[in-house]
Amino acid sequence: MDYKPYQPSSNTPQSNTSSASSQSSAVTTTKPAFSVPSSAFPATPKTSTTTSGGTPTALQFTQSSSSHTTQSTSTASTFNYSPSSSSTNSNQAIPVMTTAELTDLRKLVEDVCGIHLEADKQYLLETRLLKLLIEYDCHTYSQLVQLCRGAKQNELRPKLVDLMTTKETMWFRDEHPYETLKTHILPDLLKNRAPTDTIRIWSAACSTGQEPYSIAMCVNELASSSASYNDLANEQRLRIKGTDIASSAVILSKMGRYDMVAMGRGISDVRKNKFFTQQGRAWVLKDEVKRMIEFEQANLQADLSHLGLFDIIFMRNVAIYFSKEFKVQLYAKLAKQLKPNGYLIIGSTESLLGLETPFKLEMQGKTSFYRLKK
Ligand SMILES: C[S@@+](CC[C@H](N)C(=O)[O-])C[C@H]1O[C@@H](n2cnc3c(N)ncnc32)[C@H](O)[C@@H]1O
C-alpha cells in the first residue's frame with residue numbers, strides 16, 4: 001500500500017470558502033497530532049443554539065467526533081486532529097489516492113450529489129475527505145468508498161454531501177437580479193395572476209439561506225412601497241421555498257441566525273437594522289421575514305414534483321458543479337415546475353447557451369432570466 005506522511009504545511013490546498021464553513025473555526029482538542037485548515041471542514045451544526053454564561057452567542061457547532069468542539073468566530077484557525085481510538089495514532093499516515101480510487105470517488109460524489117469533479121480535483125477530494133478517513137478509521141480511500149456504498153451509506157452520505165458541497169453565498173448576490181425582481185418581475189407577474197393566486201418562489205440550492213431571505217426582504221420592501229402591492233406581505237399571497245441538499249445548510253437557513261462574517265457580506269446597514277435583531281454577536285432575522293419561507297432538504301437529482309409549481313425559480317450558482325447531461329435533465333425538470341409566464345433566474349456568470357432546454361433568454365437591464373419557449 002502506498003502511504004505518504006502528512007505534512008501540515010502552508011501550501012495545503014484550500015477548498016473554496018463557504019458561508020457555512022466561515023461560521024466555524026476555533027477548535028479545542030487534546031493531544032493534537034497534526035493540523036489542517038478548518039476552512040476545509042464545515043462542521044455539523046447542532047439543531048439548537050447554545051449559550052455561554054447565559055448570554056446567547058453566535059452559532060456553535062459540534063464536530064461529529066466527540067472530542068472536537070467547534071465554535072463560531074471570525075478568526076482563522078486550524079483543525080487539530082486528536083486520535084480517537086487506539087488504531088489511529090499520532091503517527092498515522094495519510095494514504096495516497098490511487099488513480100482507481102480517484103475514479104471511484106469522483107463517481108461516488110456524482111452519484112450522491114450530482115457534483116461532477118474533473119480528474120484534476122484530486123486535491124479537493126483529499127482535503128475535504130480527510131476528516132471522514134480519520135473519523136471512520138479508513139486506511140485507504142477504497143475503504144471509504146466501500147463504506148459509502150455499503151453498510152454505512154445512510155450515515156456517511158449526508159456527511160459526504162456536507163463536505164463536498166461548496167456553500168459560498170451572500171446577501172443580495174450580484175444585487176441587480178434582486179432589483180429587477182422588485183421593479184420588473186414581481187410587478188409583471190402580478191398583472192398576469194388572479195388576486196386570489198398565491199405567488200410561489202423557489203430558491204433551489206439556497207445554501208445557508210441568504211438567497212431566499214434576500215428575496216423575502218425585497219418582497220417586504222415592494223409590499224410597503226405602494227398600496228397596490230400591500231397584499232404581498234400576506235402569507236396567502238406570496239410564499240417562498242428554500243431547498244438545499246446539505247442538511248447543515250438547511251438547519252442554518254431555518255435558524256435565520258448569522259454571525260458577523262456572514263453579516264459583512266452584502267447586507268446594508270438599513271436592511272440589517274430593519275429586518276434583523278441583534279442577539280449578542282449574532283443577527284437574527286425578524287419573524288415577519290422568516291415566516292415567508294419554508295425550508296426543506298432536497299437533492300436536485302431527485303423527483304421534486306411534490307414541491308409543486310412555481311412562478312419564479314432562482315437556481316443560482318449550483319449548476320456550474322454539474323455535468324452537461326445533468327444540467328440538460330435538470331433544466332427540463334425545472335421547466336415542468338415553472339408556471340406559464342414564470343421566470344427562471346440563474347447565476348450572473350451562468351448561461352444556458354449550448355444546452356438543449358425549453359427556455360429562452362430575456363434581458364431586463366443588466367439582469368438576464370429565462371422563460372419557457374411558447
Ligand atoms: C455555491 S452555493 C449557491 C448558493 C446560492 N444559490 C447563491 O447563489 O448564493 C451552491 C449550493 O448548492 C447546493 N447543492 C449542490 N449540489 C446540490 C444538489 N444536487 N441538490 C441541491 N443542492 C445542491 C450546495 O449545498 C450549496 O449550498
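Here is a chat between a trainee and a mentor about a predicted model and the terms used to describe it.

Trainee: Before we start, what kind of model is this, and how are its residues numbered?

Mentor: It's a predicted model: local features need pLDDT of at least 70, side-chain atom pairs count only at pLDDT 80 or more, and totals for chains, interfaces and linings use all residues. Numbering starts from 1 along each chain, as its sequence is written.

Trainee: What makes up the secondary structure of the chain?

Mentor: Twelve helices and 19 strands. Both are DSSP runs numbered from the N terminus, helices being H or I over at least four residues and strands being E over at least two.

Trainee: Why is Ala 205 called buried?

Mentor: Buried takes 20 or more other C-beta atoms within 10 Å of the residue's own, exposed takes 12 or fewer, and partly exposed is in between, with C-beta atoms placed from the backbone. Ala 205 has 24 such neighbours inside 10 Å, so it counts as buried. Ser 207 has 28 other C-beta atoms within 10 Å, so it is buried too. Across the 374 residues of the chain, 38% count as buried.

Trainee: And Thr 99, buried or exposed?

Mentor: Exposed, because Thr 99 has 9 other C-beta atoms within 10 Å. Thr 99 belongs to helix 2 (residues 99-113).

Trainee: Where are Ala 205 and Ser 207, and what is the sign of phi in each?

Mentor: Ala 205 is in the loop between strand 10 (199-204) and helix 7, and Ser 207 lies in the loop between strand 10 and helix 7 as well. Phi is positive at about 65 degrees in Ala 205, which is not a glycine. Ser 207, also a residue other than glycine, has a positive phi near 50 degrees.

Trainee: Which residues are closest to the ligand?

Mentor: Thr 165, Thr 169, Ala 205, Ser 207 and Ile 245 are the closest of the 25 residues that surround the ligand. To be near a molecule or strand, a residue needs its C-beta atom, placed from the backbone, within 6 Å of it. Domain 1 (3-163) and domain 2 (176-372) each supply at least three residues of this shell; the domain bounds come from an automatic or database domain assignment.

Trainee: How do you know that the largest nonpolar core lies between the domains?

Mentor: Domain 1 and domain 2 both give residues to this core, so it lies between them. A nonpolar core is a set of buried Ala, Val, Leu, Ile, Met, Phe, Trp, Tyr and Cys residues joined through C-beta atoms within 7 Å. This one has 78 residues, and Ala 216, Ile 313, Met 315 and Leu 344 touch the most other members. Helix 7 (residues 210-223) gives the largest share, seven residues.

Trainee: What makes strand 12 and strand 14 a pair?

Mentor: Strands pair if DSSP finds at least two bridges between them. Two bridges join strand 12 to strand 14 (residues 282-285), running antiparallel, with Arg 257 opposite Val 284. Strand 13 and strand 14 pair over four bridges, also in the antiparallel sense.

Trainee: Why are strand 12 and strand 13 at the edges?

Mentor: The open sheet has three strands in the order 12-14-13. Strand 12 (257-258) and strand 13 (276-279) each have a single partner strand, so one side of each is left without a neighbour in the sheet.
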